[in-house]
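Here are some short exercises on one protein model. Try each task before you read its solution.

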Amino acid sequence: MPKVKEAWGSRIGLILAMAGNAVGLGNFLRFPVQAIRNGGGAFIIPYLVSFLLMGLPLLWIEWSMGRYGGVKGNHSTPFIFGSMSKKRLWKYVGVFGIFTNLGIISYYTYIESWTLSYTFKSIAQSFSGLSRHQVSAAFDTYAGVHSPAAGHLVAVNFPVWAIVAFLITLTINIYILSKGLSGGVEKVAKIAMPLLLLFGVFLAIRAITLGATGVAGCATCNSHLGLDFLWKPKFNNLANPKVWLAAAGQIFFTLSVGMGTIHCYAAYVKKNEDIALNAMTAGWMNEFVEIVLGAAIVIPIAVGYMGIDWVKENASFMMAFKTMPFLFSQWGPILATLSGIAWFGLLFFAGITSSLAMGTPFMAFVEDEFGWGRKKSAVILGLIILILALPTIFFFEIGVFNEYDYWTGTVSLVIFATAEVILFSWIFGMDKGWKEITRGSDIRVPTIYKFIIKWITPVFILVIFISAMIKPLHGELVDWQLAFNQLLTHGTWPWASDSIISQVFHLNEKIIWFKQGAATPMFYKDMSRLLLLSTFLGLSFMVHLASKKRKLTAKSHIS
Amino acid sequence: MSTSALIFMVLVQGSVTLITVYFFVKVLKTPKKPDSDEDEE
């Protein structure tokens, strides 16, 4: 059994670190955008149902798997999974719990560095007096984005200051990780989470009290109309599978389930310590940040100045950088500066508490299996992140960034969650699993969850997984019906371009790697896929070596 | 803002806030268990 070098300093520290892991940029940017794109008030009900039937069960599963593995000296998912089933395959399935984090942290640290830069830009009042288009163009300049000079030619992005900010952000992350769980991650969570809440409450109050802004020629420029759109219940949309899939998907991302970070953090919880109440507290804290604060900032403020139609058309992740600084500047220099600091500071804290969590599984793995020290593990992690991140920075504009997000931030999560719920409920067994969830519990977990975890949650996730694999064009209820009709009559399927099958085989596009002697965007995207695949295979090989090492150690102990 | 939206918002946000505070207070009020890290299996 590997020697345990890490431990949590306090229960509150653990909960704040877990909540910090879950609370990310998505709480403030992805959730409101998803809600807007899926009918506003119609989105909230499927979202809450998904939280209760899939989110909470997955939290309990991951916390208990982590503690179960940790008690046996395993702090990374390959060997946590390995301790729950004798079949070797599960160790390799567990590789997803390290791979996903390496993939996501690479581009996530880059976004985190934007928030850090923009906090300082806000302090320096860099956006003062700029028009909306100038603020938007300032971001393009910062990220080195420009249009390709001609057709297929690929524009390489080389944003010097963005790279400097990225390196600083990466160094901060690696330094904190090198200080360990209680000395680094936990200390940061204890400072970052309260500040994040403070900044969030400040901005939410400002947004809710904004009301009609009196922008000339804009009758719908009123923050209350934004809130109205987000919260007006539209029950007729509940039959739309697209809304349900989007809501379930959001629950996945927001709780950071299916990643391996929760397992890793929970692996340092002692055998008879509570996990049921801890998981509930961290999970609901994330929901508070998302539903109460996340829904009350971006959309109401944007509707207040741009109108409801503009927001419906343009709501996106990039609004955080391309639009919000302009909107804050409408409040005068002092409030604009304070709001800019609060907004980008909040995003930075949300980002860093998540990226620290994503760095931990790799470190736990190499510390457990290869006996590396904390500093060595952290530095090597930093180098891996750097290697993986550079393509997302240099080829940001042609979509390498999105490629990483799709494969590691979307597909891997669903594969991993599907596998872990089957392993926990059906292979490890629900009776043993229930004992793990309730052991040392400080709350009574409703027994209905024994049934939900065994039957409802796996079906829920399988439906999401299969739907993501074979999603038809547009994905509305009527499109699914038409797709099945087409399959029965013509034997073909109208693949959506973002379905997994379509993405793997490039079904909706011609495979052209070179044109007129130059590499096409598809070439760079496919190379980034190859890089990610190599990372997965490399990690699998490390797991293979670690298994061999463990066997040899066990043999030498016997002899 | 319409009445139905206001009611729905207050109901959902109020419930989420109360539940979050309830669990957080429960964590703070629950006494620490004595250390018992030995493996029983």
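**Exercise 1. The nonpolar patch**

Task: In which helix of chain A is A:Ile448 found? Then find the surface patch that contains A:Ile448.

Solution: Keep in mind that this is a predicted model.
- Step 1. A:Ile448 is found in helix α22 of chain A.
- Step 2. A:Ile448 helps make a nonpolar surface patch of about 590 Å². Its partners there are A:Ile422, A:Trp426, A:Ile427, A:Phe451 and A:Trp455.
- Step 3. Look at the helices behind the patch. α21 (400-438) and α22 (448-470) of chain A each supply at least two of the patch residues.

**Exercise 2. The disulfide**

Task: Which residues does the disulfide join? State its handedness and give the reason.

Solution:
- Step 1. Count. The structure holds 1 disulfide over all chains.
- Step 2. Name the pair. A:Cys218 is joined to A:Cys221, with an S to S distance of 2.0 Å. The cut-off is 2.5 Å.
- Step 3. Use the torsion. About the S-S bond of A:Cys218 and A:Cys221 it is about 90 degrees, so the disulfide is right-handed.
- Step 4. Check the cover. A:Cys221 counts as buried because its relative accessibility is 3%.

**Exercise 3. Salt bridges of A:Glu436**

Task: Start with A:Arg67 and A:Glu436, whose side chains meet in a salt bridge. Are these two residues buried or exposed?

Solution:
- Step 1. The N to O distance between A:Arg67 and A:Glu436 is 3.8 Å.
- Step 2. Place the partners. A:Arg67 lies in helix α4 (residues 41-71) and A:Glu436 in helix α21 of chain A, so the pair ties together parts that are 369 residues apart in sequence.
- Step 3. Recall that buried means under 20% relative accessible area. A:Arg67 has 0% relative accessibility, so A:Arg67 is buried. A:Glu436 has 6%, so A:Glu436 is buried too.
- Step 4. A:Glu436 also meets A:Arg439 in a salt bridge (2.6 Å, N to O). A:Arg439 is buried, at 18% relative accessible area.

**Exercise 4. The largest cavity**

Task: How much space lies in the largest cavity? Which element gives the largest share of its lining?

Solution:
- Step 1. There are 4 cavities of 30 Å³ or more.
- Step 2. About 90 Å³ of space lies in the largest cavity.
- Step 3. Two elements of chain A give two or more residues to the lining of this cavity: α10 (181-208) and α19 (333-370).
- Step 4. α19(A) gives the largest share, 4 residues. The lining residues include A:Glu6, A:Tyr268 and A:Met363.

Notes. Residues numbered from 1 in each chain as written. Chains lettered and ligands numbered in written order. Predicted model: local features only at pLDDT ≥ 70, side-chain atom pairs only at ≥ 80, totals over all residues. Heavy atoms only, no water. Buried < 20%, exposed > 50% of the residue type's maximum accessible area, 1.4 Å probe, protein only. Patch = residues over 30% accessible without salt bridge, like charges linked within 9 Å, V, L, I, M, F, W, Y side chains within 5 Å. Areas by Shrake-Rupley, 256 points an atom, 1.4 Å probe, with all protein chains shown as cover. Salt bridge = Lys/Arg side-chain N within 4 Å of Asp/Glu carboxyl O. 1 Å grid on protein atoms, 1.4 Å probe; cavity = no way out; pocket = protein on both sides within 12 Å on 5 of 7 lines; lining within 4 Å. Points joined across faces, edges and corners; volume = space filled by probe spheres on them.
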